[in-house]
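I open this page to keep track of what I looked up in the structure, entry by entry.

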Amino acid sequence: EVREQRQARSTNFIQARCAMQQEHDPVEQDVAEGRVDLEMTETVPHFFSKNVPTPGDALSESATDRHHAGSASGDSQSSIGIWDRFLARGVATSESGFGDGGSPASCWTAVTDTSRSFLRDLRRKAVVTVQHPDIWLSGLFVLLVLLGVSVGTLVAWSEEAKNTMRVNAQGMAEEVSTAMSHRLDVVLVPLLTMRNYVKQLSGFRELSSLVGERGVAGSAPAADGAKGLSHRNMTGVFDKAVTDLFNEIAHDIRSTNGFDDIVMNIQLAPKAAVSMIYPLKETKVLTNGKVIVQDNTGAIGHDLLNDPNRVAIAIATVPAPGVVTAGPLNLVQGGVVKSLIARLPINFPGQSMTVLGKNYECWGFAVVILNWEQLIEQVGIYQRFESAGMLFSLTRTDSVKQTDGTFKDKVSIIAESKAITASGGNVTLPDDKLTFALNTTNNEWVMAVGYPHGFTVDWLPWSLALVIVGSVVITILIIVALVNRKEHQLLLYRMMPRKAIAKLQKGESVIEKYDQVTIFFSD
């Protein structure tokens, strides 16, 4: 009777399990409903009753051996209770999820089951990792190696990129310096020409003696009024024929070689006092469409050695072997907003000029006024730096005479990137900018060059982040692989003797013989 009850419950259990796949497997559904006879109701009880002891039998026998007490009926009742509870769990699961009255498991159930399984697996792997230090030490070593190599490589690449940026900045500064010097050499040709005319023509040579030293009897007197300190009165000093000759020569020089847009006027300054200017007045339309209006009458008689704003550069010009530049400056006569003043001392025997108590064989100066904006536009300084993504600032240091007679250096910005000018101070050159002395006529210009964000590479931060994340991911994968290998090894040790495993790992086969069985191990 006990066996028949077990067979009936076993049959119910198998039928319930078959019903689990009734919506996915029509054959299983037919078997469960009896339409296909696979002798399920006979084979299963026969299997449990004859071939293999049922779980209830095994539990009953185990209980009998442990307690050594109780009758057969007591053992049977105990077995039925345990087996009933097992079947009850199976049937309950079937009825709640897969039974005749239930529905397939929901997506949420699948997700939660998968999550629980993943967390269990993760906890197990964590325990294995902690229990076997060789695993996490190996992972730590791999992480350090990956970070060291990858970060070191990125830093080396970034330094190489920075050096390339510095080389490019230096090359750009040298390129602009060369272009500026070349253009200045061209536009300063009128100075050399005028110096030759002064030396060759007696009418020009006599201008120095006609102007004379300031304050000496027979010399051009100081101007009246407020200009008395910085100007001299040139009225009636020169013959008109000499003035007309100067205008003719200056016109020919200025109209040749494309000097019209850059060379605004040409001057002669015997004894460092501006005496002749061409053109004296002019309204001119430049090739870029800009209109320049000149009225240079205010510059006639300008005494460069006595103007506090010009005296320092004038003093430096007298003994200079070549051209000396000043500016860009706002001219006393107005006109061009920013002008570059270039002066060439005209020195030859028989002439005399006293500066700071020292006498020089100097006649005076040949002077040209250059349109600074046109000059740098022809050089293309703005376009060059903008196309290279760089910022620049071009400065000049001038010595300015103070009221107490001393001189003080004044640094003036003569050109800078349009982005800096337009920002109103929000955009500046970085602290790591490079500075270069430009090879100009008297080498007093300094150019600072840099990039908006300094000599840095914008790809380094996110590259480092990717490298760190990648190194961590690779390390985790390696640790997972080591954990899996360790789990397999532990499982193998639980399944097989260590001696057999050691031989199998060497490629050997192992045969263990006993009285009633022979075990053959092979990889």
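Entry 1. In which helix is Ile135 found? I located Ile135 in helix α7, where helices are DSSP runs of H or I with at least four residues and strands are E runs of at least two, numbered from the N terminus. I note that this is a predicted model, in which local features need pLDDT of at least 70 and side-chain atom pairs count only at pLDDT 80 or more, while totals for chains, interfaces and linings use all residues. Residues are numbered from 1 along each chain as its sequence is written, and side-chain values use heavy atoms, with hydrogens and water left out.

Entry 2. I then asked whether Ile135 is buried or exposed. Ile135 counts as buried because its relative accessibility is 2% (buried is under 20% relative accessible area, exposed over 50%, partly exposed in between, with a 1.4 Å probe and protein chains only). Leaving aside neighbours within four places in sequence, I found Ile135 in contact with Val128, Thr129, Ile479, Leu482, Val483 and Lys486, contact meaning heavy atoms within 4.5 Å. The C-alpha atoms of Ile135 and Leu482 are separated by 6.3 Å, although their positions lie 347 residues apart along the chain as a separation in sequence.

Entry 3. I turned to helices α6 (residues 107-131) and α16 (residues 460-495), whose axes come within 10 Å and cross at roughly 85 degrees; axes are lines fitted to C-alpha atoms, for helices over the stretch in contact, and angles run from 0 to 180 degrees between N-to-C directions. That crossing makes α6 roughly perpendicular to α16, the class for 65 to 115 degrees. I list Arg124, Lys125, Val128 and Thr129 on α6, and Ile479, Val483, Asn484, Lys486 and Glu487 on α16, as the residues making the contact.

Entry 4. I traced an open sheet of five strands in the order β2-β1-β9-β6-β5, with antiparallel pairing, where two strands pair if DSSP finds at least two bridges between them. Its edge strands are β2 (276-278) and β5 (324-329), each pairing on one side only. β5 and β6 (residues 339-347) pair over four bridges, and Val324 has Arg343 of β6 as its bridge partner. Helix α11 (residues 240-255) packs on the sheet, touching β1 (263-270) and β2, and its direction makes about 40 degrees with that of β2.

Entry 5. Last, I looked up the largest nonpolar core (buried Ala, Val, Leu, Ile, Met, Phe, Trp, Tyr and Cys residues joined through side-chain atoms within 4.5 Å). Of its 64 residues, Leu268, Trp372 and Met447 touch the most other members, and helix α7 (residues 133-187) gives the most to this core, with ten residues.

Note on methods: Angles under 35 degrees count as roughly parallel, over 145 as roughly antiparallel, 65 to 115 as roughly perpendicular and the rest as oblique.
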